[in-house]
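Work through the exercises below with the sequence and model at hand. Each task is followed by a stepwise solution.

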Amino acid sequence: MLQIRPVSDLRNKFPDIEKIVNAGEPVYLTKSGYGAMVVLSLEEYSKLTDGVETALDMADRLAAESSTRMSHEEVFGNLRPLSLRIGF
């Protein structure tokens with residue numbers, strides 16, 4: 001179930017928030033009725049960012065092996081097809 005809580009719950013009900021995120025669910029925090037942030041466990045955050053780190057490491061290796069450089073448009077124009085090839 002989607003967990004949406006006021007940001008004050010982070011301070012006032014930390015054990016409840018911690019229990020939810022440690023179960024693998026994100027908690028969406030609001031401030032004045034608007035979305036402010038999302039709290040994730042370190043494991044869930046790592047799942048989201050590990051693929052990015054892998055892609056950046058691959059890009060660094062490819063850049064070191066080649067003298068070819070791409071423009072901003074070429075890089076971001078190819079971002080979507082690359083993400084599909086590497087499983088994002």
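**Sheet and helix**

The strands form an open sheet of three with the order S1-S2-S3 and mixed pairing. This is a predicted model, in which local features need pLDDT of at least 70 and side-chain atom pairs pLDDT 80 or more, while totals for chains, interfaces and linings use all residues. Residues are numbered from 1 along each chain as its sequence is written, and side-chain values use heavy atoms, without hydrogens and water.

**Exercise 1.** Determine which strands stand at the edges of the sheet.

Step 1. Strands are DSSP runs (E, at least two residues; helices are H or I, at least four), numbered from the N terminus, and two strands pair if DSSP finds at least two bridges between them.
Step 2. S1 and S2 run parallel and are joined by four bridges; Ile-4 stands opposite Tyr-28 in S2.
Step 3. S2 and S3 run antiparallel, with five bridges, and Leu-29 stands opposite Met-37 in S3.
Step 4. S1 and S3 each have a single partner strand, so they are the edges, and one side of each has no neighbour in the sheet.

**Exercise 2.** Find the buried residues of helix H2 (residues 14-22) and explain their placement.

Step 1. Buried means under 20% relative accessible area, exposed over 50%, with partly exposed in between (1.4 Å probe, protein chains only).
Step 2. The buried residues of H2 are Ile-17, Ile-20 and Val-21. They lie on the same side of H2 because they cover an arc of only 95° around the axis, taken from the directions from the helix axis to the C-beta atoms.
Step 3. The face of H2 turned away from the buried side carries the exposed residues Pro-15, Lys-19 and Asn-22.
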